[in-house]
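Please read the following note with the structure open beside you. The points go from one sheet to the contacts between domains and chains, and end with some local details.

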Amino acid sequence: MTPARRGNLVEAGVLLAAIALPLILEALGEDFYIGFATRLLIFALAATSLNFIVGYGGMVAFGHAAFFGGGAYVVAFLMQAGIFSAWIAWPLAVLAAGVAALAIGALSLRTRGVYFIMITLAFAQMIYYSIVSLQSAGGDDGLPLEQRSTLAPFDLASDTTLYWVALATLAACLIALKRLAHSRYGRALAGLRQNEQRMEALGYPVDRLKLVCFVIGAGVAGLAGALLANQNGMASPTQLYWTQSGMLLVMVILGGVGQRYGGVLGALALLGLEEALGLTTEYAHFYIGLALLAVVLFAPRGLAGLAGLRAR
Amino acid sequence: MTQLVLEQLLNGLQFGLMLFLIASGLTLVFGIMDMINLSHGSLYMGGAYLGAAAAQASGSFVIGLCAAMLGMAVIGIVLELLLLRRLYLRDHLAQVLATFALILIANDLVRMIWGPQPLMLNPPAALAGPVELFGFSYPAYRLLIIAIGLAVALLLYLLVSHTRVGMWVRAGAANRTMAECMGVDVRWLFTGLFALGAALAAAAGTLLGPLLAVQVGMGENILILAFVVIVIGGIGSIRGALVGALLVGVVDTLGRALLPTLLRAVSAPEVAGHLGPALASIMIYLLMAAILFWRPQGLFPARA
Amino acid sequence: MGALLEISGLKRHFGGLWAANGVDLAIERGEIHALIGPNGAGKTTLIHLISGALRPDAGRIVFAGADIGQHNMHARVALGITRSYQITQIFPHLPVLENVRLAVQSRRRDWGSSFRMCRPASADFRMLAEAEEWLGRVGLAEAAGQLAADLAHGQQRALELAMALATRPQLLLLDEPMAGMGPEESAHMAALIASLKGAQTILLVEHDMDIVFRLADRISVLVAGRVIVSAAPDVVRNHPDVRRAYLGDEVAP
């Protein structure tokens, strides 16, 4: 069996297990964990979208919470205005995140390196403050959802259905990511990551290639945010705050930058650790911090690197 | 109205000078080591906690301030020697991961030691009251902060522009390889710089303690403001940090105080009520965006 | 029809230094035009100005009839100006073939946009075939599957030439293509450039006067930001100003 065939089989197996997971949890009477698993999937999606920007596009963007949390707020705002259909609200969440990314990216991409990191961070804070200071957005308390979005013919009110929808979205994005990585655009991004100057000298519109990558990543994050609002039953300012951007970036680096499953592994590891440590200590973040330091010093290529997964 | 503007200008100056204390150390670390350090806000928080605890224990604000600066300088040295030194040559992602981890650790460590409740820090008793100034009364303590801020800014300026160490620092910010070629022992220079930056951040934390709450998470807010200052001023430039800090301090303070009133004068009350606070809170980011649009390298770029 | 590239009164300064101080230069279609001059004369600055890495402070750059002085780099490549760099610029961690394929792919006029996200790039057989052809032209067909970083220095320079050629430029700017090469590698590169003679318009910056006088159809001498002579090799060789600029040495082969 070729490694590629074996990889496909493993993927299919994991996908099947993920599909069956809520049924197993129900049978075990551990329904509570369906919600947690959905949360995992949603963060895996958000982290994957950031990994696309960081690992594929080579841009260390530190403002992803703006698009992630922003997507949640779009759903909440629309529900306030009486629009409950996910078929309308979710694409609008993607669109809003994309448009915001277009503006932020166009300005930020005028800079490089540490500047780019700090500027994306600052713009995301700008979005945080403008939403938090809006009274109609609930200020510091956030904006509760009256109910979950409606996604006819599916019934999102069921936790299991929401889980499957999140799983389907994540799987679709991972498949798209694989295709994209091998497309002309993906190859151009690979060149860009290695030598931007050379790409420019070959006649590639470097800034536009990067901007498109930034916008796509943000759009997917907006979709993840729409899912998160449904999972949490609210849009919350903490999802917009810069530490959320930091957490997503930590997931990507932890999982493996530019590895197709980096975002998924990172979200799984970080949220799993948080959940497990939370059972025994009040200070979970202290130990997570120590673990992250250990990763920086001893496993520079992240978990995917440790596991020897090289699939892109 | 003039009196309000004047008072807010002083408040802006005071906030700006504190931002300068925080941003000056940070901009040198960014500029010279090309290193992104997210944990600088934690040094500020740690300083505020150390200062509050020492002031409470000794009953003296001055002792609290000294203990905070000394304590954080030592912690800064330890951090630099044990961890940060290994990160200078790594990519920005590794630096983000490590220094973000430091934030997580610092926040929980503070909660372990001092608990989740904010600490109280009182200004020195002699300065608790107001003083008369240009016909209005202004808190004496805020005046003291302004005086200290100006003094530190002047000292830093003299240090950077008139001493041998300062020359190394400027050379390092402009061109690191050149600094190494000049035979500067950059490793110890870095350690010293980092300790200085930590002490200044701790000073800001303690001085702001009586005005803002000493609590977990205080560093995260201020860190982003310091970033905005650095981006506006230009990475690695002390002068840029000073100008950027004063700009941010004044624009933010004046914006919050005056913008809602101004908006009410020119637009419908419900629009002003909605828009005023939102616009005021993002003024400095709009300022940053505008400056970036015209000068992507900031106002005073250290590198040519 | 006028010259392919016509530069007039081109100026660019850095601080107080005029790296280009009124450059006039014309490059005819099909010629190999060498640009020589003492160190610091502004040769690389001129390449930057023509390729679009720098914008001029004054003067005109007219390429194939269009003023391109304010175009950005990728717009100029699309019009047909491609450059190579003094320091090797390749994609070190991609296979050699992929390096050239990316150069082929960059030609929008032939293949369409590089923003296509669905179809695998490897399904564009014609692109791959063309990339292999270019590798063959520079003698790297055997190395197609290696990582570019693993090539020897001379091979990397040849790869860079293949990449530049694969954009099918009307004007190729070669900035010291033999930099850092041993004699054997230099000879190979010189032969490659010679094989382009007549078919490809080239502006060549090179220090090795043997090679310059052997390859060039015309030579321009740049001194202190100005072209002092632009003529056939024999004329340049005996030109008194040139001898003075070089203090009487170096220039005589």
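1. In what order do the six strands of the open sheet in chain C stand? In this predicted model, the order is E6-E7-E8-E3-E9-E10, and the pairing within the open sheet is mixed. Strand E6 (81–83) and strand E10 (226–231) of chain C each have a single partner strand, so they stand at the edges, and one side of each is left without a neighbour in the sheet. From one strand to the next, the twist averages 20°.

2. As an example of pairing inside that sheet, one may take strand E3 (residues 32–36) and strand E8 (residues 201–205) of chain C, which run in the parallel sense and are joined over four bridges. Within this pair, Ile32(C) is found opposite Ile202(C) of E8(C). As background for a first reading, strands of a sheet pair through backbone hydrogen bonds, either parallel or antiparallel.

3. Chain C is divided by its domain assignment into domain 1 (1–80 + 171–253) and domain 2 (91–168). The centres of domain 1 and domain 2 of chain C, taken over C-alpha atoms, are separated by 26 Å. Where the two meet, 10 residues of domain 1 of chain C are in contact with nine residues of domain 2 of chain C. On the domain 1 side of this contact, H2 and helix H7 (183–195) of chain C each supply at least two residues, and H7(C) gives the most, with four residues. By class, that same side of domain 1 of chain C, the one that touches domain 2, has seven nonpolar residues, two polar and one charged.

4. Which residues have the most contacts inside the largest nonpolar core? They are Ala122(A), Val228(B) and Ala162(C), in a core of 291 residues. Domain 1 and domain 2 of chain C both give residues to this core, so it lies between them. Leaving aside residues up to four places away in sequence, Ala162(C) touches Val100(C), Trp134(C), Leu135(C), Arg137(C), Val138(C) and Leu140(C). In soluble globular proteins, nonpolar side chains tend to be buried together.

5. Turning to the chains, two pairs are in contact, and of these chains A and B share the most contacts. Chain B and chain C, by contrast, do not touch, and their nearest C-alpha atoms lie 11 Å apart. The contact between chain C and chain A takes 27 residues from chain C and 21 residues from chain A. Helix H2 (73–79), E6 and helix H3 (96–105) of chain C each supply at least two residues of the chain C side, where H2(C) gives the most, with four residues. The side of chain C that touches chain A has 15 nonpolar, nine polar and three charged residues.

6. Is Trp87(A) buried or exposed? Trp87(A), which lies in helix H4 (residues 86–108) of chain A, is exposed, with 10 other C-beta atoms within 10 Å. Although Trp87(A) and Ser149(A) are 62 residues apart in sequence, they are 8.9 Å apart in space, C-alpha to C-alpha.

7. A last detail concerns chain B, where strand E1 (residues 130–133) and strand E2 (residues 136–139) pair in the antiparallel sense over four bridges. Glu132(B) has Ser137(B) in E2(B) as its bridge partner. The hairpin of E1(B) and E2(B) has two residues between the strands, and in this hairpin Phe134(B) takes a positive phi near 45°.

Conventions:
Residues numbered from 1 in each chain as written. Chains lettered and ligands numbered in written order. Predicted model: local features only at pLDDT ≥ 70, side-chain atom pairs only at ≥ 80, totals over all residues. Pairing = 2+ DSSP bridges. Axes fitted to C-alpha atoms, helices over the stretch in contact; angles between N-to-C directions. Core = buried A, V, L, I, M, F, W, Y, C linked by C-beta atoms within 7 Å. Buried ≥ 20, exposed ≤ 12 C-beta atoms within 10 Å, placed from the backbone. Domains from an automatic or database assignment. Contact = placed C-beta atoms within 7 Å. Nonpolar A, V, L, I, M, F, W, Y, C, P; charged D, E, K, R; others polar.
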